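Work through the exercises below with the sequence and the model at hand, and try each task before reading its solution.

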Amino acid sequence: MSFKSKGEQSTRSFVSKKWTFLLCLGCFCAGMLLTNRMGTDPESKGIMRTTAVEAENLKLISEGCNLKAKEEKHVSKDIIGEVFKTHHAIQTLGKTISNLEMELAAARAAQESLLSGSPLTTEVNRAESSRKRKYLMVIGINTAFSSRKRRDSVRATWIPQGEKRKKLEDEKGIIARFVIGHSATTGGILDRAIEAEDKKHGDFLRLDHVEGYLELSAKTKIYFATAVALWDADFYVKVDDDVHVNIATLGETLVRHRKKRRVYIGCMKSGPVLSQKYHEPEHWKFGEAGNKYFRHATGQLYAISKDLATYISINQHVLHKYANEDVSLGSWFIGLDVDHIDDRRLCCGTPPDCEWKAQAGNICVASFDWSCSGICRSADRIKEVHRRCGEGENALWSATF
């Protein structure tokens, strides 16, 4: 009984171990199969889906890059075209602004003249018909009430008179006027004398300005503002009435710089600040004692281009006036983009200096004596200077500017 029990128990144990092993093996295989299906397959499908999406994205990006490249190439061409158009527009605008500034200056000068009742009104009317004409230069000959003999000596030498002066304007584009303001008592004997002289010769430019030696800086400023308002010229010249000038040589000199917009031409200097003769009360503005003036043209003769004359006209109310007018003019251009042209032919000495240069073929533009800041006793000596240093009348009428 006990033996039987032990046999059955052994059989059951054997069977149980066998089925247990098979069951474990089956579970293991099932587990492996299930693990592969739940882990490997979904991941693989996920990777495939991700790869497809990325490929699509790459395709879109690639297409976008190609489209962007095409657009950039097209835009690049458009930009180049626009740059050329903009550059042309800026140039046109610059010319338009310059013309408008000139017209504004003319209107302002005319308005101020009408409001003040100045003699300028007559000159405005006289020049109104020639506003559209383009001139080479306007020569303003600075003069005073007491300088009648000097003016007559200039008329007898280097400034043509009568029909020849009109021919000078019409054919050569050169305006020449004696520049003067009015006396402290407007309409007095001094003003009436100038009016009578102007009626005879017709060669004055009257300014809305009270004459006086200490007012030369103000006179220079008003001259340029008035001249640019009356005549459209390439250059505006200031010269003293005791200086000899060869007009044709002056014209040929200026024409060389015609293409430059802001030109300041003269005999440039920058000597020590004056403390005795021609004393500058504001010398302290130029630094410590012994300092020099900034670069500026000597006052006997100089020329500026239209843009600079227009600049003076527009800003005349804020431009500072120093005691010496040549220093004042130089100061107005400090900080501007200006070509300073130093030409020593604009400041030759009187004979024999200018005569030797003329004989050598280097004719002077202007001649005077440094010791007198002009030709000493010019009313008496300018004819001799003209005879020995003049360019000859034919030089003016044969010149082409």
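**Exercise 1.** Determine how far helix H6 is enclosed by the rest of the structure.

*Solution.* Begin with the numbering, which runs from 1 along each chain as its sequence is written. This is a predicted model in which local features need pLDDT of at least 70, side-chain atom pairs count only at pLDDT 80 or more, and totals for chains, interfaces and linings use all residues, while side-chain values use heavy atoms, with hydrogens and water left out. Next, count the buried residues (under 20% relative accessible area, 1.4 Å probe, protein chains only): 14 of the 15 residues of H6 are buried, so this helix is largely enclosed by the rest of the structure. Helices here are DSSP runs of H or I with at least four residues, numbered from the N terminus.

**Exercise 2.** Describe how the axes of H6 and H9 are placed.

*Solution.* The axes (lines fitted to C-alpha atoms over the stretch in contact, with angles from 0 to 180 degrees between N-to-C directions) of H6, residues 216-230, and H9, residues 325-332, come within 8 Å and cross at roughly 50°. H6 and H9 are therefore oblique to each other, a term for angles that are not under 35, over 145 or 65 to 115 degrees.

**Exercise 3.** Which residues does Ser328 touch, leaving aside those up to four places away in sequence?

*Solution.* Ser328 lies in helix H9 and is buried, with a relative accessible area of 0%. Applying the contact criterion (heavy atoms within 4.5 Å), one finds that Ser328 touches Ser217, His320, Lys321 and Tyr322. Ser217 belongs to the H6 side of the helix pair, where Leu216, Thr220, Lys221 and Phe224 also take part.

Methods
Helix = DSSP H or I, 4+ residues; strand = E, 2+ residues; numbered from the N terminus. Buried < 20%, exposed > 50% of the residue type's maximum accessible area, 1.4 Å probe, protein only.
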